[in-house]
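Biologist: Let's go through this fold together, one question at a time. Could you show me the structure before we start?

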Amino acid sequence: MHFLNVDDLTPDELDSVLDTAAAVKAEDAGDDPLAGRSLAMLFEKASTRTRVSFEVGMTKLGGHAVFLGKDDIQLGRGEPVKDTARALACYADAVMARVDDHRTLETLGEYSSVPIINGLSDEAHPVQTLADLLTIDEVVGGDAAVAWVGDGNNVAASFVVGAAMRGLDVTVATPDAYALPESVFDRANEYAGDVSTTTDPEAAVDGADVVYTDVWVSMGDEAEREQRLDALAPYQVSEDLLSGTGAKVMHCLPAHRGEEITDDVLEGERSLVWQQAENRMHGQNGLLLELL
């Protein structure tokens, strides 16, 4: 089984991963459950949280992680992805890949005999969603109303589908030019959660328990920077936007303080950002235990 998108799991499987993650966080994983197991970590994109959380997480579970930068292996010198997939499967029990193009993950999955885990692609960031949902469980519980405010990017795509799978009420506020693809809403609408859209950020945060945002200029979007900043300026998550609400705030990091979120919100009492960052490791450990 591969984990390229959050809905590669069924809702019951997602529940099980999050239950396992919570148990791991409570130090109830048992003694070295992944002893003798190895995770190959393939990186085409820079990383802080993904690399450290997977590597430390495998160590905590008694396993071993191997970092593979694109220029460290033959993939960076022209080896076909399918050959890399088959070779890595000879040595590792699973492969986590953080890639430029989602199709690379699909090829890895097609040719690998061990699980492939999406550590981030241009289309999805499902391991981040595990951390997000675990954090919401801890802070709000199962009846949360959540709002995504800002760019309809890869993090948003995974989060909206994952939240719908958990039965959450989701409101997505984006400018029309930076809306999520309709295919994301088609997937989300297959599940129990109530998903709605708006171009009005104030309407989105009204009644929300949690407001989630991410950078407006993701890796690969730098050429559109000024255009994006202008279009997304009304969607900044600030105390002004949140005034009159009790909403907590999430951000997957790294943050561009003063753009998509203000410094006082990120550092303030509303912020769940550091709990969310810690939960990257616990959510992924829950996934690794379920897969392996």
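**Two sheets and what packs on them**

Modeller: Keep in mind that this is a predicted model. One open sheet has 5 strands, paired in parallel, in the order S7-S6-S5-S8-S9.

Biologist: Which are the edge strands of that sheet?

Modeller: Look for strands that pair on one side only. The ones that fit are strand S7 (194-198) and strand S9 (248-251).

Biologist: And by how many degrees are neighbouring strands of this sheet turned against each other?

Modeller: Ignore direction here, and take the average over neighbouring strands. That comes to 20 degrees.

Biologist: In S7, what is the bridge partner of Val-172?

Modeller: Start with the strands: S6 (residues 169-173) pairs with S7 in the parallel sense, over 5 bridges. Val-172 has its bridge partner in S7, and that is Thr-197.

Biologist: At about what angle does H6 run to S5?

Modeller: Helix H6 covers residues 154-165. H6 lies across strand S5 (145-149), S6, S7, strand S8 (210-213) and S9. Its direction relative to S5 is about 165 degrees.

Biologist: What about H12, at about what angle does that one run to S9?

Modeller: Helix H12 (residues 273-291) lies across S8 and S9. With S9, H12 makes an angle of about 45 degrees.

Biologist: Now the other open sheet, the one with 4 strands: what is the order?

Modeller: The pairing in that sheet is parallel. Strand S2 (64-69) and strand S4 (116-120) each have a single partner strand, so they stand at the edges with one side left without a neighbour in the sheet. Read across, the order is S2-S1-S3-S4.

Biologist: Which helix packs on the sheet, touching S1, S3 and S4?

Modeller: The strands touched are S1 (38-43), S3 and S4. The helix makes about 165 degrees with the direction of S4. Residues 102-111 form this helix, H4.

Biologist: Let's go inside. Which helix gives the most to the largest nonpolar core?

Modeller: That core has 52 residues, and Ile-117, Val-146, Phe-159 and Val-160 touch the most other members. One helix gives 9 residues to the core, the most of any, and that is H6.

Biologist: How many residues are in the second, separate core?

Modeller: Its members include Leu-232, Val-237, Leu-241 and Val-265. The number of residues in this core is 23.

Biologist: Why do the buried residues of H9 sit on the same side?

Modeller: The buried residues of helix H9 (residues 225-232) are Arg-228, Leu-229 and Leu-232. Because they cover an arc of only 100 degrees around the axis, they end up on the same side of H9. On the other side, the exposed residues are Glu-226, Gln-227 and Asp-230. So the value that explains it is an arc of 100 degrees.

Biologist: Is Arg-228 buried or exposed?

Modeller: The side chain of Arg-228 meets that of Glu-224 in a salt bridge at 3.0 Å, N to O. Glu-224 is partly exposed, at 32% relative accessible area. Buried means under 20%. At 7% relative accessibility, Arg-228 counts as buried.

Biologist: Last one: how many residues apart in sequence are the parts that Arg-187 and Asp-7 tie together?

Modeller: Their side chains meet in a salt bridge, 2.7 Å from N to O, and the structure holds 14 salt bridges. Arg-187 lies in helix H7 (residues 182-188), while Asp-7 is in the segment before helix H1 (11-25). So the pair ties together parts whose separation in sequence is 180 residues.

Methods:
Residues are numbered from 1 along each chain as its sequence is written. This is a predicted model: local features need pLDDT of at least 70, side-chain atom pairs count only at pLDDT 80 or more; totals for chains, interfaces and linings use all residues. Side-chain values use heavy atoms; hydrogens and water are left out. Two strands pair if DSSP finds at least two bridges between them. Helices (H or I, at least four residues) and strands (E, at least two) are DSSP runs, numbered from the N terminus. Contact means heavy atoms within 4.5 Å. Axes are lines fitted to C-alpha atoms, for helices over the stretch in contact, and angles run from 0 to 180 degrees between N-to-C directions. A nonpolar core is a set of buried Ala, Val, Leu, Ile, Met, Phe, Trp, Tyr and Cys residues joined through side-chain atoms within 4.5 Å. Buried means under 20% relative accessible area, exposed over 50%, partly exposed in between (1.4 Å probe, protein chains only). The arc is that of the directions from the helix axis to the C-beta atoms. A salt bridge is a side-chain nitrogen of Lys or Arg within 4 Å of a carboxyl oxygen of Asp or Glu.
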